[in-house]
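The following exercises concern one structure and are each followed by a worked solution. Please attempt each task before reading on.

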Amino acid sequence: MAIENKPGDEFDTVFGQSDSLELSSHHDYDTAQARIFKIIVIGDSNVGKTCLTYRFCGGTFLKNPEATIGVDFRERTLQLDGENIKLQIWDTAGQERFRKSMVEHYYRSVHAVIFVYDVTSLSSFESIPEWIEECARHCVGPLVPRIMVGNKCDLRDRREVPTSTAQCFADSYNFPLFETSAKEPAEKEHVDAIFLTLAYRLKSHKPLRLKQPSESSIRQMWDQREQESGICQC
Ligand SMILES: Nc1nc2c(ncn2[C@@H]2O[C@H](COP(=O)(O)OP(=O)(O)OP(=O)(O)O)[C@@H](O)[C@H]2O)c(=O)[nH]1
């Protein structure tokens, strides 16, 4: 299932609103009635994808996480404006050797993508274009809401990626940028807000019917992909 969405649409962030939102773990709500959205979390190994998703779904910092093999699933159901929304979060493996057989599954019927980098690792930030490329190769382009998250902000003395650099990059793709820490308890609400921002975004869009893409739409996707990656094939 794809979602109706126009490239360049604004995201309304929900920072500062989370106090007034009803949030709970999935068993508090009638999940059978919930609309389900699949969100994938991607980025280099060790950037904190597992810890971020665990912070949102489990509410705490996961100590000693192991490298993700293939994919881990976590879910959380939210009640937004009286509607039950289930976020099904796919925490993907950053290590190539643990991804290979699963990649097709990651991207199938995805509703939103979270690109994660580590603010203390320039190389993880520099990998983001490759992750965007991978999305494009699997037909996940500007029509799917995408956001960028710089994690490990608690490691202030070790920062290698300035906010201004990340913001400039995110703006060039029209991605909302968030910086946070899965570890710092004070950042818990920011982590919630990141996922909530996506949830609101997804909730306000109607699902499109699935259909086989036409040749012209595939061409269009390739054009978009070239534009996004800055590749000129002249
Ligand atoms: N200081 C700090 N450490 C963090 C934070 N988030 C994660 N970590 C640490 O970073 C390491 C990697 O965390 P993971 O969540 O497993 O990273 P991942 O991106 O899921 O890694 P893969 O499963 O290999 O793709 C662990 O040692 C975590 O404790 C954070 O916000 N701050």
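**Exercise 1.** Determine whether A136 is buried, partly exposed or exposed in this predicted model.

*Solution.* Step 1: locate the residue; A136 belongs to helix α4, which covers residues 128-137. Step 2: count its surroundings; 18 other C-beta atoms lie within 10 Å of A136. Step 3: apply the cut-offs; a buried residue has 20 or more such atoms and an exposed one 12 or fewer. A136 is therefore partly exposed, given its 18 neighbouring C-beta atoms. Step 4: consider a partner along the chain; A136 and Y107 are 29 residues apart in sequence, and their C-alpha atoms are separated by 9.9 Å.

**Exercise 2.** Describe how the axes of α1 and α6 are arranged, and state which residues make the contact.

*Solution.* Step 1: recall what is required; two packed helices are described by the angle and the distance between their axes. Step 2: read off both values; the axes of α1 and helix α6 (residues 188-203) come within 9 Å and cross at roughly 90°. Step 3: classify the angle; because angles of 65 to 115 degrees count as roughly perpendicular, α1 is roughly perpendicular to α6. Step 4: list the contact residues; α1 contributes L52, R55 and F56, while α6 contributes K188, V191, D192 and F195. Step 5: sort them by class; four are nonpolar, none is polar and three are charged.

**Exercise 3.** Characterise the shell around the ligand: which residues come nearest, and which element supplies the largest share?

*Solution.* Step 1: identify the nearest residues; of the 20 around the ligand, these are G48, T50, T68, G94 and K183. Step 2: find the main contributor; helix α1 (residues 49-58) supplies three residues, the largest share of the shell. Step 3: divide the shell by class; seven residues are nonpolar, nine polar and four charged.

**Exercise 4.** Establish where the confidence of the protein chain is lowest and where it is highest.

*Solution.* Step 1: begin with the whole chain; its mean pLDDT is 80, and 74% of its residues reach 70 or more. Step 2: compare the elements; strand β1 (residues 22-23) has the lowest mean, 38, and helix α3 (residues 122-126) the highest, 98. Step 3: mark the stretches below 50; residues 1-28 form one of them, with 49 contacts in the model beyond near neighbours in sequence. Residues 207-213 also have pLDDT below 50, with seven such contacts. Step 4: draw the consequence; where pLDDT is low, the predicted coordinates should not be read in detail.

Note on methods:
Residues are numbered from 1 along each chain as its sequence is written. This is a predicted model: local features need pLDDT of at least 70, side-chain atom pairs count only at pLDDT 80 or more; totals for chains, interfaces and linings use all residues. A residue is near a molecule or strand if its C-beta atom, placed from the backbone, lies within 6 Å of it. Helices (H or I, at least four residues) and strands (E, at least two) are DSSP runs, numbered from the N terminus. Ala, Val, Leu, Ile, Met, Phe, Trp, Tyr, Cys and Pro count as nonpolar, Asp, Glu, Lys and Arg as charged, and the others, Gly among them, as polar. Axes are lines fitted to C-alpha atoms, for helices over the stretch in contact, and angles run from 0 to 180 degrees between N-to-C directions. Angles under 35 degrees count as roughly parallel, over 145 as roughly antiparallel, 65 to 115 as roughly perpendicular and the rest as oblique. Two residues are in contact if their C-beta atoms, placed from the backbone, lie within 7 Å. pLDDT is the predictor's confidence in each residue, from 0 to 100.
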